[in-house]
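Biologist: Got a minute to walk me through this one? I'd like to start with any empty space inside.

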Amino acid sequence: QHTVEVVELRKGVFATEIVSNGRIMSGRYVDIYWESDGTIEDITKRNGDMVRTGETLAALDAYRLENSLSASKASKEQTRLSMLDFLIGQGYEITDTAIPSDIMDLAMIKSGYRQAEINYEMSLYERQHSELKAPFDGVIANIESIEGNRADRTKPFCRVIDTESMMAEFSVIENELSAVVVGAKVYVEAYSNPGVKMVGIIESVNPVVEQNGMIRVRARIEKGHRLFVGMNVKVTVESSIKECLSVPKSALVLRTGRKVIFTSKNGKALWNYVETAEENTHSIVVTSGLNEGDSVIVSGNIDLAHESDITIKR
C-alpha cells in the first residue's frame, strides 16, 4: 500500500512566468574627464568607493597652475598699462568713455592686451578645473591612473555610477510580448547571490525586433541592493490567467509517453490522462482530464498504478 499526499483541485488565478537571462546596467552614469593639463597630485577615491555630490575625486599639482595664473595676471596688467599709454598717445583721457570702438580694438591689439586677457582667462579656467568632483551621489569605477601620472584629457579618468538607478536589461521573444508591458513587475535574481529576489518595474520596451527575433526590455530595480554593472541575472516576468485549473508539477507523471495525473477515490489511485498548457516554476495548468473538486495526488505517485491501494498522509 502506498502513502500519498493529496490536494483538492480548485479553479483560481494562475501566474504564468517568462524567464530570461539579463545583465545589470546603470540607469545613470557620467564619465569624468580632466579639463586641465598637469600632473595628478592626489587621488582621493578608489574604485568601489561611495561618493557624495561635489566631493573631490582627484586633483592636479596646483603649483604650476598657480604660477601660470599669476604670470598671466601680471601680463594682463602690464599690457593694460601699454594699452592705456597708446590711448593717451592718441589724445584720449583714461577715464574717457567715448573712445571709438575701432580705436579701442587697435589699442588692445597693438598693446597685446587682448591676447593677455585670453591667456589669463584660460589660466583661470585651468586652475578652477584642476580638481575633479562628483556630479551626484554614486560609486566610483574605472580609475586606471595613479598619482604622478600626467592627466590624459582624451579618455575618462573615472566613471561615477548612480547606484540608486540600477536596471536589468533582458530580452523576450515576440510571442511573449503581450505579458511584457511598461509598469509590470519583474523579479530579478543575481547568479552570484541565488535565492535573493529583487523587485523591478519594467521601464521601457524597445520597439524593434532584432534579427534573432528578440526584443530588449529594461526594468528598474528597487533601491537598497548591492549590484555591479555587468552582473548576470535571471529575470522572471509574471502575468495572470484567471479561472484555471492548476496542479503542482509534482502531480504530473509520464506513462507510455503520455501525461498522467493520479486522483484519489475510496482508497484507490485512479489513472487520468490529461492535457496541459502554461506552466511556471511550481505549477502547471490542466486543460482536460480532471474536474474541479478532484483529489489530486501530489506525492508518492512515482510507482502508482491504476487502482493501487493508497493511504492519504495527514
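Modeller: Sure, and keep in mind that this is a predicted model. The largest cavity is lined by Trp34, Ile40, Ser145, Arg150, Ala151, Asp152, Lys155, Pro156 and Phe157.

Biologist: How many cavities of 30 Å³ or more does the structure hold?

Modeller: Just 1. About 40 Å³ of space lies in the largest cavity.

Biologist: And what's the lining like by class?

Modeller: The cavity lining has 5 nonpolar, 3 charged and 1 polar residues.

Biologist: OK, what about pockets? How much space lies in the largest pocket?

Modeller: About 330 Å³. Its lining takes in 16 residues, and Val139, Thr163, Arg226, Leu227 and Phe228 are the ones nearest the centre.

Biologist: Which strand gives the most to that lining?

Modeller: That's strand S8, residues 138-141, with 3 residues. By class, the pocket lining comes out as 9 nonpolar, 5 polar and 2 charged.

Biologist: Switching topic: helix H1. Does its length add up, or what should 28 residues span?

Modeller: H1 runs over residues 62-89, and at 1.5 Å a residue it should span 40 Å; the end C-alpha atoms are 41 Å apart, so the two agree.

Biologist: Which residues of H1 are buried?

Modeller: Leu65, Leu69, Ser72, Lys76, Thr79, Met83, Leu84, Phe86 and Leu87.

Biologist: Funny spacing. Why would residues three or four places apart point the same way?

Modeller: Because an α-helix has 3.6 residues a turn.

Biologist: Makes sense. What covers the buried residues of H1?

Modeller: The cover includes strand S6 (56-60), helix H2 (101-111) and helix H3 (113-128).

Biologist: And what follows H1?

Modeller: Gly91, which has a positive phi, near 95 degrees.

Biologist: Last topic, the nonpolar cores. Which residues have the most contacts inside the largest one?

Modeller: Ile24, Phe170, Val186 and Val188, in a core of 26 residues. At least two residues of this core come from each of S2 (11-26), S8, S10 (166-173), S11 (185-190), S12 (197-205), S13 (214-221) and S14 (232-248).

Biologist: Take Val186. What does Val186 touch, leaving out residues up to four places away in sequence?

Modeller: Phe170, Ala219, a run of Met198, Val199, Gly200, Ile201 and Ile202, and then Val235, Thr236 and Val237.

Biologist: You said cores, plural. Which residues does the second core include?

Modeller: That one is separate and has 18 residues, including Ile32, Trp34, Ile43 and Leu132. You've met Trp34 already, as part of the largest cavity's lining.

Methods: Residues are numbered from 1 along each chain as its sequence is written. This is a predicted model: local features need pLDDT of at least 70, side-chain atom pairs count only at pLDDT 80 or more; totals for chains, interfaces and linings use all residues. Side-chain values use heavy atoms; hydrogens and water are left out. On a 1 Å grid over the protein atoms alone, a cavity is a set of points where a 1.4 Å probe fits but cannot get out, and a pocket is an open set with protein on both sides within 12 Å along at least five of seven lines; lining residues have an atom within 4 Å of a point. Grid points are joined across faces, edges and corners, and a volume is the space filled by probe spheres set on the points. Ala, Val, Leu, Ile, Met, Phe, Trp, Tyr, Cys and Pro count as nonpolar, Asp, Glu, Lys and Arg as charged, and the others, Gly among them, as polar. Helices (H or I, at least four residues) and strands (E, at least two) are DSSP runs, numbered from the N terminus. The expected span of a helix is 1.5 Å times one less than its number of residues. Buried means under 20% relative accessible area, exposed over 50%, partly exposed in between (1.4 Å probe, protein chains only). Contact means heavy atoms within 4.5 Å. A nonpolar core is a set of buried Ala, Val, Leu, Ile, Met, Phe, Trp, Tyr and Cys residues joined through side-chain atoms within 4.5 Å.
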